[in-house]
Amino acid sequence: MATMKDVARLAGVSTSTVSHVINNNRFVSEAVREKVTAAIGQLNYAPSALARSLKINQTRTIGMLLTASSNPFYSEVVRGVERSCYERGYSLVLCNTEGDEDRMNRSLETLLQKRVDGLLVMCTESHTPAADILKRYPTIPSVIMDWAPFEQGSDIIQDNALLGGDIATRFLISRGYTRIACIAGPQDKTPARLRLEGYCQAMQATGLPILPGYVIEADFEFQGGYNAMNALLALEQPPQAVFTSNDAMAVGVYHALYQAGLTVPQDMAVMGYDDIELARYMTPPLTTIHQPKDELGQLAVDTLLQRLNQPGASPQLLVLTPELVERDSVGER
């Protein structure tokens with residue numbers, strides 16, 4: 001494999017001149033540039049990204065730890081992250097933890113060993129990354145996205161899940177529903193816990209009771225919503241409406257209602273959360289709480305790059321504001 005020295009020797013110039021031609025960062029006469037370009041072509045030389053990163057102590061690579069699942073929300077966020085990385089001249093290395101603590105720590109170690117410039121973390125695990133791994137790489141900044149189980153001086157970007165749960169429930173109440181259930185996410189996850197708290201807050205503020213069996217904890221997946229809806233339908237007094245704490249579970253809710261011969265919203269109003277792309281194509285289109293997923297990805301990348309430029313700045317907590325998206329899954333009572 002040809003090296004930069006081989007190119008310089010064939011072109012009759014210095015290695016620094018070859019570097020200037022490749023990086024186009026200094027003036028080189030056209031005659032010399034043509035000689036270097038010809039030598040590169042003759043030797044089939046390819047610049048080494050590794051060598052360059054060692055020289056400038058920068059890989060222009062961002063690592064991301066993610067708990068992937070069947071929930072489309074995560075893939076939509078990753079799409080926004082990858083697009084933002086590309087637009088800013090960075091590459092993204094993605095590691096899926098699959099909810100496993102050992103895999104999370106091994107992936108974390110791998111990313112840090114590869115000397116990524118920064119780290120994005122969007123995991124759903126309740127366990128924390130191993131402190132000894134993080135201590136070995138104190139200069140690599142991280143941004144926590146929608147999940148903040150550990151204190152490492154990281155910047156944090158969160159959805160205002162408490163407000164979102166409150167908005168969702170109050171909208172159902174404003175449409176005349178009084179028997180409102182909540183299919184909550186796993187309560188060891190901060191967003192799920194806050195969305196449920198927002199539901200309880202709205203019910204209490206409007207003087208509506210939360211009937212026995214009306215709060216069911218599920219797993220944020222399609223199957224979890226399906227199982228929870230079947231449990232609600234089996235109650236002696238089923239609800240009139242259900243606030244489903246994410247859109248993936250709402251898909252399962254729709255399927256359970258379809259199998260029971262019930263229609264949305266005539267027999268059951270359904271409110272989701274996240275506004276995944278699928279939500280607008282459901283039948284009927286799902287009323288939900290919008291999370292700005294593309295903006296979340298862009299903000300995470302920009303926050304990380306800002307941290308790289310200003311490593312001594314105080315950690316930031318950035319909160320995204322959820323918005324109601326009215327469609328056809330909620331009617332009038």
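This report covers the nonpolar cores, one buried charged residue and two helix pairs of a predicted model.

## Nonpolar cores

The largest nonpolar core has 66 residues. Within that core, the members that touch the most other members are Leu120, Met122, Met145, Leu172, Val242 and Val270. Separate from this core is another one of 16 residues, which includes Met104, Leu111, Cys123 and Ile156.

Met122 can be followed through its contacts beyond four places in sequence. Met122 is in contact with Met64, Leu65, Leu66 and Thr67, and also with Phe73, Tyr74 and Val77. Its other contacts of this kind are Met145, Asp146 and Leu296. Met145 is thus named twice: as a contact of Met122, and among the residues that touch the most other members of the largest core.

## Glu109 in helix 6

Glu109 belongs to helix 6, which spans residues 101-113. Is Glu109 buried or exposed? Its relative accessible area is 16%, and because buried means under 20%, Glu109 counts as buried.

Setting aside neighbours within four places in sequence, the residues in contact with Glu109 are Ile133, Arg136 and Tyr137.

## Helix 1 and helix 3

Two packed helices are described by the angle between their axes and the distance between the axes. For helix 1 (residues 4-11) and helix 3 (residues 30-43), the axes come within 9 Å and cross at roughly 125°. The two helices are therefore oblique to each other, and their crossing is right-handed.

On the helix 1 side, the contact involves Asp6, Val7, Leu10 and Ala11. These meet Lys35, Val36, Ala39, Ile40, Gln42 and Leu43 of helix 3. By class, the residues of this contact are seven nonpolar, one polar and two charged.

## Helix 5 and helix 12

Helix 5 (residues 72-87) and helix 12 (residues 293-309) have axes that come within 7 Å and cross at roughly 45°. Helix 5 is therefore oblique to helix 12. The crossing of this pair is right-handed.

Helix 5 contributes Phe73, Glu76, Val77, Arg79, Gly80, Val81, Arg83, Ser84 and Cys85 to the contact. From helix 12 come Lys293, Asp294, Leu296, Gly297, Gln298 and Val301. What classes of residue make up the contact of helix 5 with helix 12? There are six nonpolar, four polar and five charged residues. Phe73, Val77 and Leu296 take part in this helix contact and are also in contact with Met122.

Technical notes
Residues numbered from 1 in each chain as written. Predicted model: local features only at pLDDT ≥ 70, side-chain atom pairs only at ≥ 80, totals over all residues. Heavy atoms only, no water. Core = buried A, V, L, I, M, F, W, Y, C linked by side-chain atoms within 4.5 Å. Buried < 20%, exposed > 50% of the residue type's maximum accessible area, 1.4 Å probe, protein only. Contact = heavy atoms within 4.5 Å. Helix = DSSP H or I, 4+ residues; strand = E, 2+ residues; numbered from the N terminus. Axes fitted to C-alpha atoms, helices over the stretch in contact; angles between N-to-C directions. Parallel < 35°, antiparallel > 145°, perpendicular 65-115°, else oblique. Left-handed = near helix turned anticlockwise from the far one by under 90°. Nonpolar A, V, L, I, M, F, W, Y, C, P; charged D, E, K, R; others polar.
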